[in-house]
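Trainee: Got a minute to walk me through this one? I'd like to start with the core and then look at the helices.

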Amino acid sequence: MEKKLQQHLDKAFAPYGEFPARADVMQELLSNLTEKYHDLKSQGKSQEEAYQATIDSIGEVSEIMDQVPHEMAKSKAESNLKTALSDIGDLVGINTGNNKFKHITLAKADLSETDLSGEIFAGSELKETSFRGSTLVDAKFRAVALKGANFTGANLTNATFGGSDLNSACFDNANLTSAKLKGCGLNGATFKDATLVGTDFSQSDLTKISFDGQALDGVVFDSTSLKQTSFRNAKLRDVSFHHAAVKHAIFDGATMDKITYAILKGAKATLNNVIIV
């Protein structure tokens, strides 16, 4: 069916020739239309009914072309590309409102120093994308591929990452106050000098992550995997480790309050050389 949809798109856009950013527009449309087709099929429509309804959703190609700015030829990673692709998704009935970027492909894009506050990304491909220095307050990433993404210096206050691939992502110097990174893969991720206040890592894999020398205030590690995770010389205040695998975590030289110490001791963590305050 994807091939049939591709053929339809090729025919529909043939009059426009090789316009700037054609490849990006066609790829995004094909992805959105394929998803729409499968959604219709799951609702009980026949193949032909689902196909016809899917291609009918495109509407006038001229309307789609109106959404494609000439600047897209400069760099497909620019924010105007992101906006244009979102608008295209709306035209084919995929997105449900403003600021929702569903199944957007921006792998290795540069979104540095961009204000993305409150934006919603769902099922998107953002591997190795740079959000360096960006404002992502209240942003939501749902089941997003973010392996190797760079959030250095980003403001992620109240941001939510649910079930996302954050392996090898960089959060150095990022503000993660009240951010939620729940049910995420974080192998190889870095948090050097990050602000960790009220950050929630529940149900995530933090194997071998280093929090050495950092201050963690009200951070939640409930039901997390902490095998060989290091908290050497870290300062832990009101940190929650309920049902976390802390037995093989490293706390040498860490400073912690009595409640945090009691929770860790009860979970059979190795607490040699820790300082209780």
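Trainee: Leaving aside neighbours within four places in sequence, which residues is Phe-151 in contact with?

Mentor: Bear in mind that this is a predicted model, where local features need pLDDT of at least 70, side-chain atom pairs count only at pLDDT 80 or more, and totals for chains, interfaces and linings use all residues. Residues are numbered from 1 along each chain as its sequence is written, and side-chain values use heavy atoms, with hydrogens and water left out. Contact means heavy atoms within 4.5 Å. On that basis, Phe-151 touches Phe-131, Leu-136, Phe-141, Leu-146, Leu-156, Phe-161, Leu-166, Cys-170, Phe-171, Asp-172 and Ala-174.

Trainee: How many residues does the largest nonpolar core have?

Mentor: A nonpolar core is a set of buried (under 20% relative accessible area, 1.4 Å probe, protein chains only) Ala, Val, Leu, Ile, Met, Phe, Trp, Tyr and Cys residues joined through side-chain atoms within 4.5 Å. In the largest one, Phe-151, Phe-171 and Phe-251 have the most contacts inside it, and its residue count is 52.

Trainee: What angle do helix 1 and helix 2 pack at?

Mentor: Helices here are DSSP runs (H or I, at least four residues), numbered from the N terminus. Helix 1 covers residues 2–13 and helix 2 residues 22–42, with axes 10 Å apart, and the angle is about 135 degrees.

Trainee: What does that angle make helix 1 relative to helix 2?

Mentor: Angles under 35 degrees count as roughly parallel, over 145 as roughly antiparallel, 65 to 115 as roughly perpendicular and the rest as oblique. So helix 1 is, relative to helix 2, oblique.

Trainee: How much of the protein do buried residues make up?

Mentor: The protein has 277 residues. The buried share of them is 47%.

Definitions and conventions
Axes are lines fitted to C-alpha atoms, for helices over the stretch in contact, and angles run from 0 to 180 degrees between N-to-C directions. Buried means under 20% relative accessible area, exposed over 50%, partly exposed in between (1.4 Å probe, protein chains only).
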